[in-house]
Amino acid sequence: RVFPTLPDAIVKQTYSTTLQASGGTAPYTWSLQAGSTLPAGLTLSSGGIISGTPTVAGPPANTFTIVVTDSANPNAKAQSL
């Protein structure tokens, strides 16, 4: 289970939020789905932290999809818009 609600970001103010998941086998690895992009100025770490300084006002031009993969063998994956 992925918790998709993210706090709002404010242009030119430092932003950092840690994504959360439950179920599966920790540790988890986080990534953006191929073709997805975060709003300008933000990055996603493999540890599930979205951070940076947003550079553009308003919602992103497109939505992004985040994928979380657990460490079980075989891996389980979940994604959230």
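Which residues does Ser-16 touch, not counting residues up to four places away in sequence? In the predicted model examined here, Ser-16 touches Ile-49, Ile-50 and Ser-51 once residues up to four places away in sequence are set aside. The setting of these contacts is described below, after an account of the chain as a whole.

The protein chain has a mean pLDDT of 84, with 85% of its residues reaching 70 or more. Confidence varies between elements, being highest in β3, at a mean of 95, and lowest in β6, at 69. The secondary structure comprises 0 helices and 6 strands, and the pattern read along the sequence is accordingly β-β-β-β-β-β. Of the 81 residues in the protein chain, 25% are buried. The chain exposes about 5,200 Å², of which carbon and sulfur atoms supply 54%. Among contacts between residues at least 6 apart in sequence, 51% join residues that are at least 24 apart.

Three of the strands are arranged in an open sheet, in the order β1-β4-β3, with antiparallel pairing. The edge strands of this sheet are β1 and β3, each of which pairs on one side only, and the twist from one strand to the next averages 15°. In general, the strands of a sheet pair through backbone hydrogen bonds, in either a parallel or an antiparallel sense. In the present sheet, β1 pairs with β4, residues 49-52, in the antiparallel sense over 4 bridges, whereas the antiparallel pairing of β3, residues 42-44, with β4 extends over 3 bridges.

The register of the β3 and β4 pair can be followed through individual residues, since Leu-42 stands opposite Gly-52 in β4, while Leu-44 stands opposite Ile-50 in β4. These two strands form a hairpin with 4 residues between them, and Gly-48, which lies in the turn, has a positive phi of about 90°.

On the other pairing of β4, Ser-16 belongs to strand β1, which spans residues 15-18, and stands opposite Ser-51 in β4. Ser-51 is also one of the residues that Ser-16 touches. The C-alpha atoms of Ser-16 and Ile-49 are 6.8 Å apart in space, although the two residues are separated by 33 residues in sequence. Ser-16 counts as exposed because its relative accessibility is 54%, and the cut-off for that class is over 50%.

A contrasting environment is found at Asp-70, which is located in the loop between β5 (66-69) and β6 (77-80). Asp-70 is classed as buried because its relative accessible area is 7%, where the class requires a value under 20%. Two backbone nitrogens are placed within polar-contact range of this side chain: that of Thr-25 lies 3.0 Å from a polar atom of the Asp-70 side chain, and that of Ala-72 lies 3.3 Å from a polar atom of the same side chain. Leaving aside neighbours within four places in sequence, Asp-70 is in contact with Gly-24, Thr-25, Pro-27, Tyr-28, Asn-75 and Ala-76. Thr-25 thus appears both in this contact list and as the provider of a backbone nitrogen 3.0 Å from a polar atom of the Asp-70 side chain.

Technical notes. Residues numbered from 1 in each chain as written. Predicted model: local features only at pLDDT ≥ 70, side-chain atom pairs only at ≥ 80, totals over all residues. Heavy atoms only, no water. Buried < 20%, exposed > 50% of the residue type's maximum accessible area, 1.4 Å probe, protein only. Polar contact = N/O pair within 3.5 Å; in protein donor to acceptor, adjacent residues only side chain to side chain. Contact = heavy atoms within 4.5 Å. Pairing = 2+ DSSP bridges. Axes fitted to C-alpha atoms, helices over the stretch in contact; angles between N-to-C directions. pLDDT = per-residue confidence, 0-100. Areas by Shrake-Rupley, 256 points an atom, 1.4 Å probe, with all protein chains shown as cover.
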